[in-house]
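The following exercises concern the geometry of a single protein model. Each task is followed by a solution worked in steps.

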Amino acid sequence: MSYAAEISKMKGGHLNIHDLKTKTARWNHFHKVDLLGAFDFYTTIVSFDALSAADLNEVKKHCSTDLRFDSPITPKQYEALSKVLPLAAHEYTHFVDATSSIWGLGHLNLMNDAYLADDRRGGKEHDFAKAKAFYDHVRSIRLPDYYTVVNENADDRQPWKSTISIGQIFSRGGEPSTRPVLFSRFENAKDELLARSPISTVSLLEASAMAQELFIQGQLISQCESDFKHVEWKQFTQRLLGYLYRKDVTEYSVCVHVLANKLNCTDIASAFQLCALLTRIALNFTDELFDSIAGRAPIAEILQLPRESPFIASALAGLRQRDRGILFYLLCNALPADSHNNPKPEQAVRAAANSVGFDVDTLRESATREAKRLASSLISSEIRPIQALARAGLANFYITDFDRAPLRFNQMHLPPAVLGDSSELQVFGGNGLADFDVSACFDELFFGQSWVERFAEACL
(Lines give C-alpha, C1' and ligand atoms only; values in the text may rest on other atoms or scores of the structure.)
Protein backbone atom coordinates (compact mmCIF):
# COMPACT_ATOMS: atom_id res chain seq x y z
CA MET A 1 0.00 0.00 0.00
CA SER A 2 1.35 3.47 -0.90
CA TYR A 3 2.20 6.11 1.68
CA ALA A 4 -0.73 8.30 0.58
CA ALA A 5 -3.11 5.37 0.83
CA GLU A 6 -1.80 4.46 4.29
CA ILE A 7 -2.33 8.03 5.50
CA SER A 8 -5.81 8.15 3.97
CA LYS A 9 -6.69 4.85 5.65
CA MET A 10 -5.72 6.02 9.11
CA LYS A 11 -7.36 9.45 8.94
CA GLY A 12 -10.13 9.73 11.45
CA GLY A 13 -11.56 13.09 10.46
CA HIS A 14 -11.98 15.48 13.37
CA LEU A 15 -9.49 14.75 16.17
CA ASN A 16 -11.19 13.37 19.28
CA ILE A 17 -9.67 14.36 22.64
CA HIS A 18 -10.02 10.82 24.01
CA ASP A 19 -8.23 9.30 21.00
CA LEU A 20 -5.54 11.95 21.31
CA LYS A 21 -4.95 11.18 24.99
CA THR A 22 -4.85 7.44 24.36
CA LYS A 23 -2.37 7.69 21.49
CA THR A 24 -0.06 10.20 23.18
CA ALA A 25 -0.12 8.90 26.77
CA ARG A 26 3.04 6.82 26.48
CA TRP A 27 5.30 9.81 25.77
CA ASN A 28 3.60 12.46 27.89
CA HIS A 29 6.73 13.60 29.74
CA PHE A 30 4.72 16.05 31.85
CA HIS A 31 1.96 13.67 32.95
CA LYS A 32 2.83 14.03 36.65
CA VAL A 33 2.36 17.81 36.66
CA ASP A 34 0.41 18.96 33.58
CA LEU A 35 -2.95 17.51 34.56
CA LEU A 36 -5.23 19.99 32.80
CA GLY A 37 -3.43 20.24 29.46
CA ALA A 38 -0.74 18.55 27.42
CA PHE A 39 1.87 18.98 24.72
CA ASP A 40 2.98 16.04 22.57
CA PHE A 41 6.59 15.94 21.35
CA TYR A 42 5.89 13.49 18.50
CA THR A 43 3.07 15.49 16.89
CA THR A 44 3.40 19.02 18.45
CA ILE A 45 -0.31 18.98 19.35
CA VAL A 46 -1.43 21.25 22.21
CA SER A 47 -4.50 20.10 24.12
CA PHE A 48 -6.52 21.24 27.13
CA ASP A 49 -8.56 18.48 28.73
CA ALA A 50 -10.03 20.87 31.28
CA LEU A 51 -11.30 23.49 28.82
CA SER A 52 -14.25 23.72 26.46
CA ALA A 53 -15.33 26.07 23.71
CA ALA A 54 -17.62 27.77 26.23
CA ASP A 55 -14.62 28.57 28.46
CA LEU A 56 -12.79 30.24 25.58
CA ASN A 57 -15.86 32.18 24.51
CA GLU A 58 -16.17 33.49 28.06
CA VAL A 59 -12.57 34.70 27.94
CA LYS A 60 -13.18 36.59 24.71
CA LYS A 61 -15.81 38.69 26.49
CA HIS A 62 -13.17 40.13 28.81
CA CYS A 63 -9.88 39.84 26.95
CA SER A 64 -8.77 41.15 23.55
CA THR A 65 -6.54 39.12 21.25
CA ASP A 66 -3.51 41.17 22.33
CA LEU A 67 -4.08 40.05 25.95
CA ARG A 68 -5.43 43.34 27.22
CA PHE A 69 -8.08 43.02 29.89
CA ASP A 70 -10.90 45.10 31.25
CA SER A 71 -9.51 46.93 34.28
CA PRO A 72 -10.14 46.48 37.09
CA ILE A 73 -10.99 42.80 36.68
CA THR A 74 -13.95 41.70 38.78
CA PRO A 75 -13.77 38.43 40.75
CA LYS A 76 -16.15 36.79 38.26
CA GLN A 77 -14.05 37.91 35.30
CA TYR A 78 -10.90 36.77 37.07
CA GLU A 79 -12.37 33.31 37.57
CA ALA A 80 -13.10 32.98 33.85
CA LEU A 81 -9.75 34.38 32.71
CA SER A 82 -7.58 32.52 35.22
CA LYS A 83 -9.16 29.20 34.25
CA VAL A 84 -7.88 29.57 30.69
CA LEU A 85 -4.97 31.96 30.20
CA PRO A 86 -2.30 30.71 32.66
CA LEU A 87 -2.89 27.13 31.53
CA ALA A 88 -2.72 28.20 27.89
CA ALA A 89 0.52 30.09 28.52
CA HIS A 90 2.04 26.99 30.10
CA GLU A 91 1.25 24.55 27.30
CA TYR A 92 1.96 27.00 24.48
CA THR A 93 5.37 27.66 26.04
CA HIS A 94 6.08 23.96 25.56
CA PHE A 95 5.05 24.40 21.91
CA VAL A 96 7.28 27.46 21.46
CA ASP A 97 10.28 25.84 23.16
CA ALA A 98 9.86 22.62 21.14
CA THR A 99 9.51 24.32 17.73
CA SER A 100 11.33 27.67 17.81
CA SER A 101 14.28 27.49 20.21
CA ILE A 102 17.55 26.09 18.87
CA TRP A 103 16.82 22.92 20.82
CA GLY A 104 13.27 22.89 19.41
CA LEU A 105 14.27 23.43 15.79
CA GLY A 106 16.79 20.64 16.27
CA HIS A 107 13.93 18.51 17.60
CA LEU A 108 11.90 19.22 14.43
CA ASN A 109 14.90 18.28 12.26
CA LEU A 110 15.30 14.96 14.03
CA MET A 111 11.55 14.40 13.61
CA ASN A 112 11.63 15.23 9.91
CA ASP A 113 14.62 12.97 9.22
CA ALA A 114 13.03 10.11 11.17
CA TYR A 115 9.62 10.31 9.51
CA LEU A 116 11.13 10.59 6.01
CA ALA A 117 13.23 7.49 6.66
CA ASP A 118 10.03 5.40 6.54
CA ASP A 119 10.29 2.90 3.68
CA ARG A 120 6.69 3.72 2.74
CA ARG A 121 7.93 7.23 1.97
CA GLY A 122 10.87 5.92 -0.04
CA GLY A 123 13.35 5.66 2.82
CA LYS A 124 16.11 3.08 2.50
CA GLU A 125 17.59 0.81 5.14
CA HIS A 126 20.64 3.06 5.55
CA ASP A 127 18.20 5.84 6.61
CA PHE A 128 16.47 3.80 9.30
CA ALA A 129 18.98 4.77 12.00
CA LYS A 130 17.46 8.26 11.89
CA ALA A 131 14.23 6.78 13.26
CA LYS A 132 16.07 5.23 16.20
CA ALA A 133 17.95 8.50 16.80
CA PHE A 134 14.68 10.40 17.10
CA TYR A 135 13.15 7.71 19.30
CA ASP A 136 16.13 7.93 21.67
CA HIS A 137 15.97 11.72 21.61
CA VAL A 138 12.29 11.83 22.64
CA ARG A 139 12.85 9.13 25.25
CA SER A 140 15.72 11.11 26.81
CA ILE A 141 13.81 14.41 27.15
CA ARG A 142 12.76 13.07 30.53
CA LEU A 143 15.23 10.60 31.97
CA PRO A 144 13.83 7.20 33.00
CA ASP A 145 12.46 6.82 36.53
CA TYR A 146 15.65 5.01 37.55
CA TYR A 147 17.44 8.36 37.82
CA THR A 148 14.87 9.88 40.18
CA VAL A 149 14.69 8.75 43.82
CA VAL A 150 11.83 9.69 46.16
CA ASN A 151 11.76 8.75 49.86
CA GLU A 152 8.07 8.18 50.48
CA ASN A 153 8.56 7.90 54.25
CA ALA A 154 10.49 11.12 54.86
CA ASP A 155 8.80 14.16 56.43
CA ASP A 156 8.62 16.77 53.66
CA ARG A 157 7.77 19.75 55.83
CA GLN A 158 9.86 22.86 55.22
CA PRO A 159 12.61 23.93 55.47
CA TRP A 160 14.36 21.93 52.78
CA LYS A 161 17.99 22.03 51.78
CA SER A 162 19.71 20.72 48.69
CA THR A 163 23.12 19.74 47.40
CA ILE A 164 24.32 19.16 43.86
CA SER A 165 26.12 16.06 42.65
CA ILE A 166 27.09 14.65 39.28
CA GLY A 167 26.93 11.10 37.99
CA GLN A 168 26.86 9.17 34.75
CA ILE A 169 24.13 7.95 32.43
CA PHE A 170 24.12 4.21 31.80
CA SER A 171 24.64 3.17 28.19
CA ARG A 172 22.24 0.99 26.18
CA GLY A 173 24.51 -1.92 27.06
CA GLY A 174 24.14 -1.30 30.80
CA GLU A 175 27.63 0.15 31.32
CA PRO A 176 28.41 3.60 32.78
CA SER A 177 28.78 5.95 29.81
CA THR A 178 30.84 9.10 29.40
CA ARG A 179 27.66 11.17 29.45
CA PRO A 180 27.26 13.01 32.78
CA VAL A 181 24.02 13.81 34.59
CA LEU A 182 23.55 16.50 37.21
CA PHE A 183 21.46 15.75 40.32
CA SER A 184 19.94 17.84 43.09
CA ARG A 185 19.59 15.99 46.38
CA PHE A 186 16.81 17.38 48.59
CA GLU A 187 16.83 16.80 52.36
CA ASN A 188 14.64 17.87 55.26
CA ALA A 189 15.75 19.51 58.50
CA LYS A 190 16.66 16.10 59.90
CA ASP A 191 19.08 15.45 57.02
CA GLU A 192 16.78 12.75 55.67
CA LEU A 193 16.67 12.27 51.91
CA LEU A 194 13.45 13.60 50.41
CA ALA A 195 14.27 13.18 46.74
CA ARG A 196 17.12 13.07 44.29
CA SER A 197 16.23 14.55 40.93
CA PRO A 198 18.20 14.92 37.70
CA ILE A 199 18.40 18.29 35.99
CA SER A 200 17.26 17.08 32.58
CA THR A 201 15.78 18.65 29.46
CA VAL A 202 12.29 18.20 30.89
CA SER A 203 13.40 20.20 33.96
CA LEU A 204 14.35 23.16 31.78
CA LEU A 205 11.18 22.92 29.68
CA GLU A 206 8.92 22.80 32.73
CA ALA A 207 10.72 25.70 34.44
CA SER A 208 10.27 27.74 31.27
CA ALA A 209 6.54 26.91 31.09
CA MET A 210 5.94 27.46 34.80
CA ALA A 211 7.48 30.92 34.52
CA GLN A 212 5.13 31.97 31.70
CA GLU A 213 2.14 30.59 33.60
CA LEU A 214 3.15 32.64 36.64
CA PHE A 215 3.61 35.82 34.58
CA ILE A 216 0.08 35.57 33.13
CA GLN A 217 -1.40 34.72 36.52
CA GLY A 218 0.42 37.67 38.08
CA GLN A 219 -0.76 39.98 35.30
CA LEU A 220 -4.35 38.96 35.93
CA ILE A 221 -4.10 39.38 39.70
CA SER A 222 -2.42 42.78 39.36
CA GLN A 223 -5.45 44.11 37.48
CA CYS A 224 -8.02 42.90 40.00
CA GLU A 225 -9.83 45.07 42.51
CA SER A 226 -7.57 46.01 45.42
CA ASP A 227 -8.98 43.87 48.26
CA PHE A 228 -9.42 40.81 46.06
CA LYS A 229 -5.93 41.27 44.61
CA HIS A 230 -4.11 40.92 47.93
CA VAL A 231 -6.09 37.88 49.04
CA GLU A 232 -5.75 36.10 45.69
CA TRP A 233 -1.98 36.72 45.41
CA LYS A 234 -1.45 35.26 48.86
CA GLN A 235 -3.55 32.20 48.03
CA PHE A 236 -1.86 31.77 44.65
CA THR A 237 1.65 31.91 46.12
CA GLN A 238 0.63 29.40 48.79
CA ARG A 239 -0.62 27.01 46.09
CA LEU A 240 2.56 27.49 44.10
CA LEU A 241 4.78 26.88 47.12
CA GLY A 242 2.77 23.76 47.87
CA TYR A 243 3.59 22.51 44.37
CA LEU A 244 7.27 23.47 44.55
CA TYR A 245 7.69 21.57 47.81
CA ARG A 246 6.13 18.33 46.58
CA LYS A 247 8.95 15.81 46.76
CA ASP A 248 7.38 13.60 44.08
CA VAL A 249 7.69 16.24 41.34
CA THR A 250 11.07 17.81 42.12
CA GLU A 251 12.40 16.79 38.68
CA TYR A 252 10.03 19.41 37.26
CA SER A 253 10.66 22.13 39.86
CA VAL A 254 14.38 21.53 40.37
CA CYS A 255 15.56 24.48 38.24
CA VAL A 256 13.84 27.14 40.34
CA HIS A 257 15.05 25.38 43.51
CA VAL A 258 18.65 25.46 42.28
CA LEU A 259 18.42 29.15 41.39
CA ALA A 260 16.61 30.21 44.56
CA ASN A 261 19.00 28.26 46.79
CA LYS A 262 22.04 29.78 45.10
CA LEU A 263 20.75 33.33 45.68
CA ASN A 264 18.95 32.69 48.99
CA CYS A 265 15.92 34.07 47.16
CA THR A 266 12.50 33.75 48.79
CA ASP A 267 10.61 35.88 46.26
CA ILE A 268 8.87 33.51 43.82
CA ALA A 269 8.29 36.11 41.11
CA SER A 270 11.95 37.18 41.07
CA ALA A 271 13.16 33.59 40.96
CA PHE A 272 10.95 32.77 37.98
CA GLN A 273 11.95 35.97 36.15
CA LEU A 274 15.57 34.82 36.29
CA CYS A 275 14.60 31.21 35.55
CA ALA A 276 12.76 32.23 32.39
CA LEU A 277 15.79 34.08 31.03
CA LEU A 278 18.31 31.39 31.97
CA THR A 279 16.27 28.52 30.52
CA ARG A 280 15.83 30.55 27.33
CA ILE A 281 19.59 30.91 27.04
CA ALA A 282 20.11 27.22 27.76
CA LEU A 283 17.55 26.13 25.14
CA ASN A 284 19.02 28.49 22.53
CA PHE A 285 22.69 27.77 23.12
CA THR A 286 24.53 26.74 19.94
CA ASP A 287 27.20 24.16 19.28
CA GLU A 288 29.84 26.80 18.59
CA LEU A 289 29.23 28.46 21.95
CA PHE A 290 29.21 25.15 23.81
CA ASP A 291 32.63 24.44 22.31
CA SER A 292 33.79 27.95 23.15
CA ILE A 293 32.89 27.91 26.84
CA ALA A 294 34.05 24.31 27.29
CA GLY A 295 37.48 25.50 26.22
CA ARG A 296 37.77 28.65 28.30
CA ALA A 297 35.00 29.09 30.88
CA PRO A 298 36.42 29.49 34.43
CA ILE A 299 34.22 26.68 35.74
CA ALA A 300 36.31 25.92 38.83
CA GLU A 301 36.18 29.56 39.91
CA ILE A 302 32.45 29.86 39.25
CA LEU A 303 31.63 26.68 41.17
CA GLN A 304 34.31 27.38 43.80
CA LEU A 305 35.85 23.93 43.44
CA PRO A 306 39.45 22.79 42.91
CA ARG A 307 40.46 22.61 39.26
CA GLU A 308 41.34 18.93 39.68
CA SER A 309 37.89 18.08 41.10
CA PRO A 310 36.14 15.18 39.30
CA PHE A 311 33.01 17.36 39.31
CA ILE A 312 34.79 19.93 37.11
CA ALA A 313 35.95 17.25 34.69
CA SER A 314 32.42 15.85 34.41
CA ALA A 315 30.90 19.32 33.98
CA LEU A 316 33.33 20.07 31.15
CA ALA A 317 32.46 16.76 29.53
CA GLY A 318 28.78 17.69 29.81
CA LEU A 319 29.31 21.01 28.08
CA ARG A 320 31.17 19.29 25.24
CA GLN A 321 28.19 16.96 24.91
CA ARG A 322 25.71 19.89 24.84
CA ASP A 323 24.19 19.23 28.26
CA ARG A 324 21.84 22.17 28.72
CA GLY A 325 21.13 21.30 32.37
CA ILE A 326 24.80 21.70 33.24
CA LEU A 327 24.86 25.01 31.35
CA PHE A 328 21.84 26.21 33.36
CA TYR A 329 23.55 25.24 36.64
CA LEU A 330 26.74 27.03 35.64
CA LEU A 331 24.80 30.20 34.80
CA CYS A 332 22.94 30.05 38.14
CA ASN A 333 26.25 29.93 39.97
CA ALA A 334 27.60 32.84 37.92
CA LEU A 335 24.71 35.17 38.83
CA PRO A 336 25.69 38.17 40.98
CA ALA A 337 24.70 37.69 44.63
CA ASP A 338 21.92 40.31 44.55
CA SER A 339 20.44 39.28 41.19
CA HIS A 340 16.96 38.65 42.63
CA ASN A 341 16.85 42.24 43.91
CA ASN A 342 17.82 43.76 40.56
CA PRO A 343 14.75 45.45 38.99
CA LYS A 344 16.27 44.59 35.60
CA PRO A 345 16.91 40.82 35.78
CA GLU A 346 18.31 40.83 32.25
CA GLN A 347 21.31 42.78 33.58
CA ALA A 348 22.04 40.05 36.12
CA VAL A 349 21.75 37.40 33.41
CA ARG A 350 24.10 39.30 31.11
CA ALA A 351 26.61 39.54 33.96
CA ALA A 352 26.36 35.77 34.50
CA ALA A 353 26.87 35.14 30.78
CA ASN A 354 29.96 37.32 30.74
CA SER A 355 31.38 35.42 33.73
CA VAL A 356 30.84 32.12 31.92
CA GLY A 357 32.59 33.48 28.84
CA PHE A 358 30.02 34.64 26.31
CA ASP A 359 27.93 37.69 25.54
CA VAL A 360 24.13 37.52 25.19
CA ASP A 361 24.28 39.56 21.98
CA THR A 362 26.84 37.14 20.58
CA LEU A 363 24.53 34.27 21.55
CA ARG A 364 21.68 35.97 19.71
CA GLU A 365 23.79 36.29 16.57
CA SER A 366 24.98 32.69 16.76
CA ALA A 367 21.48 31.39 17.47
CA THR A 368 20.03 33.40 14.57
CA ARG A 369 22.47 31.81 12.14
CA GLU A 370 21.69 28.36 13.54
CA ALA A 371 17.91 28.93 13.51
CA LYS A 372 18.04 29.92 9.84
CA ARG A 373 20.12 26.85 9.02
CA LEU A 374 17.85 24.46 10.93
CA ALA A 375 14.66 25.92 9.47
CA SER A 376 15.87 26.08 5.88
CA SER A 377 15.64 22.35 5.16
CA LEU A 378 12.38 21.98 7.08
CA ILE A 379 10.57 24.66 5.11
CA SER A 380 10.95 22.50 1.99
CA SER A 381 10.11 19.23 3.79
CA GLU A 382 7.92 16.68 2.04
CA ILE A 383 5.81 16.63 5.22
CA ARG A 384 3.47 19.61 4.96
CA PRO A 385 2.74 20.09 8.70
CA ILE A 386 6.50 20.25 9.34
CA GLN A 387 6.81 22.94 6.65
CA ALA A 388 4.23 25.07 8.47
CA LEU A 389 5.74 24.38 11.89
CA ALA A 390 9.19 25.38 10.63
CA ARG A 391 7.97 28.68 9.18
CA ALA A 392 6.16 29.49 12.40
CA GLY A 393 9.11 28.31 14.48
CA LEU A 394 11.56 30.60 12.74
CA ALA A 395 9.16 33.54 12.99
CA ASN A 396 8.62 32.85 16.69
CA PHE A 397 12.38 32.66 17.22
CA TYR A 398 12.69 36.20 15.85
CA ILE A 399 9.88 37.39 18.14
CA THR A 400 11.49 35.85 21.25
CA ASP A 401 13.47 38.39 23.28
CA PHE A 402 16.49 37.14 25.23
CA ASP A 403 16.24 40.18 27.53
CA ARG A 404 12.52 39.98 28.30
CA ALA A 405 11.23 37.19 30.52
CA PRO A 406 7.53 37.10 29.46
CA LEU A 407 6.86 35.74 25.98
CA ARG A 408 4.83 37.84 23.54
CA PHE A 409 2.08 35.29 22.95
CA ASN A 410 -0.13 37.88 21.27
CA GLN A 411 2.47 38.30 18.50
CA MET A 412 3.38 34.65 18.06
CA HIS A 413 2.29 32.11 15.47
CA LEU A 414 0.48 29.46 17.49
CA PRO A 415 -1.83 26.64 16.35
CA PRO A 416 -5.35 25.95 17.56
CA ALA A 417 -5.57 23.61 20.54
CA VAL A 418 -7.74 20.53 21.01
CA LEU A 419 -10.15 21.11 23.90
CA GLY A 420 -11.86 18.76 26.31
CA ASP A 421 -15.05 18.81 24.22
CA SER A 422 -12.94 17.88 21.14
CA SER A 423 -13.36 21.31 19.57
CA GLU A 424 -10.29 22.92 17.99
CA LEU A 425 -9.98 26.60 18.81
CA GLN A 426 -7.40 29.37 18.88
CA VAL A 427 -6.56 30.43 22.42
CA PHE A 428 -4.29 33.36 21.62
CA GLY A 429 -5.07 35.81 18.81
CA GLY A 430 -4.90 35.45 15.04
CA ASN A 431 -1.55 34.53 13.47
CA GLY A 432 0.17 32.51 10.77
CA LEU A 433 -1.05 29.22 12.25
CA ALA A 434 -4.63 30.32 12.93
CA ASP A 435 -5.87 28.10 10.08
CA PHE A 436 -3.48 25.24 10.83
CA ASP A 437 -5.25 21.90 10.36
CA VAL A 438 -4.63 20.24 13.71
CA SER A 439 -6.35 16.98 12.81
CA ALA A 440 -4.39 16.61 9.55
CA CYS A 441 -1.17 17.42 11.40
CA PHE A 442 -1.86 14.76 14.00
CA ASP A 443 -2.74 12.13 11.37
CA GLU A 444 0.44 12.67 9.38
CA LEU A 445 2.86 13.06 12.29
CA PHE A 446 1.34 10.19 14.27
CA PHE A 447 1.80 8.07 11.15
CA GLY A 448 5.49 8.93 11.35
CA GLN A 449 5.58 8.27 15.07
CA SER A 450 4.09 4.81 14.58
CA TRP A 451 6.85 3.96 12.11
CA VAL A 452 9.55 5.24 14.48
CA GLU A 453 8.21 3.18 17.39
CA ARG A 454 7.81 0.08 15.23
CA PHE A 455 11.39 0.31 13.98
CA ALA A 456 12.85 1.13 17.42
CA GLU A 457 11.30 -2.05 18.81
CA ALA A 458 13.09 -3.99 16.08
CA CYS A 459 16.49 -2.79 17.30
CA LEU A 460 17.82 -5.57 19.56
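**Exercise 1.** At which residue does H4 bend, and by what angle?

*Solution.* The model is predicted: local features require pLDDT of at least 70 and side-chain atom pairs pLDDT 80 or more, while totals for chains, interfaces and linings use all residues. Residues are numbered from 1 along each chain as its sequence is written, and side-chain values use heavy atoms, without hydrogens and water.

Step 1. Identify the element. Helices (H or I, at least four residues) and strands (E, at least two) are DSSP runs, numbered from the N terminus. Helix H4 covers residues 75-100.

Step 2. Locate the bend, defined as the angle between axes fitted to the seven residues ending at a residue and the seven starting there. H4 bends by about 35° at Leu81.

Step 3. Compare the span with its expected value, which is 1.5 Å times one less than the number of residues. With 26 residues, H4 reaches 36 Å from its first C-alpha to its last, close to the expected 38 Å.

Step 4. Assess the burial of H4, where buried means under 20% relative accessible area, exposed over 50%, and partly exposed in between (1.4 Å probe, protein chains only). Of the 26 residues of H4, 22 are buried.

**Exercise 2.** Determine the span of H7 and state why H7 is described as largely enclosed.

*Solution.* Step 1. H7 has 22 residues; its C-alpha span from first to last is 32 Å, close to the expected 32 Å.

Step 2. Because 17 of its 22 residues are buried, H7 is largely enclosed by the rest of the structure.

**Exercise 3.** Establish the strand order of the four-stranded open sheet and its pairings.

*Solution.* Step 1. Two strands pair if DSSP finds at least two bridges between them. The order is E3-E6-E5-E4, with antiparallel pairing. E3 and E4 are the edge strands, each pairing on one side only.

Step 2. Examine E3 with E6. Two bridges join them in the antiparallel sense, and Val150 has Ala195 in E6 as its bridge partner.

Step 3. Examine E5 with E6. Strand E5 (residues 176-187) is antiparallel to E6 and joined to it by five bridges. Phe186 stands opposite Ala195 in E6, and Glu187 stands opposite Leu193.

Step 4. Describe the connection. E5 and E6 form a hairpin with five residues between them, and Asp191 in the turn has a positive phi of about 65°.

Step 5. Check the covering of E6. In this strand (residues 193-198), five of the six residues are buried.

**Exercise 4.** Which residues in loops show a cis peptide bond or a positive phi?

*Solution.* Step 1. A cis peptide bond, with omega about 10°, joins Gln158 and Pro159. Pro159 belongs to the loop between strand E3 (149-150) and strand E4 (161-170).

Step 2. Thr44, a residue other than glycine, has a positive phi near 65°. Thr44 lies between strand E1 (38-39) and strand E2 (46-48). Its relative accessibility is 2%, so Thr44 counts as buried.

Step 3. Arg322 likewise has a positive phi near 65° without being glycine. The loop that holds Arg322 runs between helix H13 (310-320) and helix H14 (324-334). Arg322 counts as partly exposed because its relative accessibility is 24%.

**Exercise 5.** What are the volume and lining of the largest pocket and of the second largest pocket?

*Solution.* Step 1. Fix the terms. On a 1 Å grid over the protein atoms alone, a pocket is an open set of points where a 1.4 Å probe fits, with protein on both sides within 12 Å along at least five of seven lines; lining residues have an atom within 4 Å of a point. Grid points are joined across faces, edges and corners, and a volume is the space filled by probe spheres set on the points.

Step 2. The largest pocket has a volume of about 1300 Å³. Its lining comprises 42 residues, with Asp136, His137, Ser140, Ile141 and Arg179 closest to the centre. H6 supplies the largest share of this lining, seven residues.

Step 3. The second largest pocket holds about 750 Å³ of space. Among its 25 lining residues, Leu36, Glu213, Gln217, Phe236 and Arg239 lie nearest the centre. H4, helix H7 (201-222) and helix H8 (226-244) each give two or more residues to this lining, and H4 gives the largest share, eight residues.
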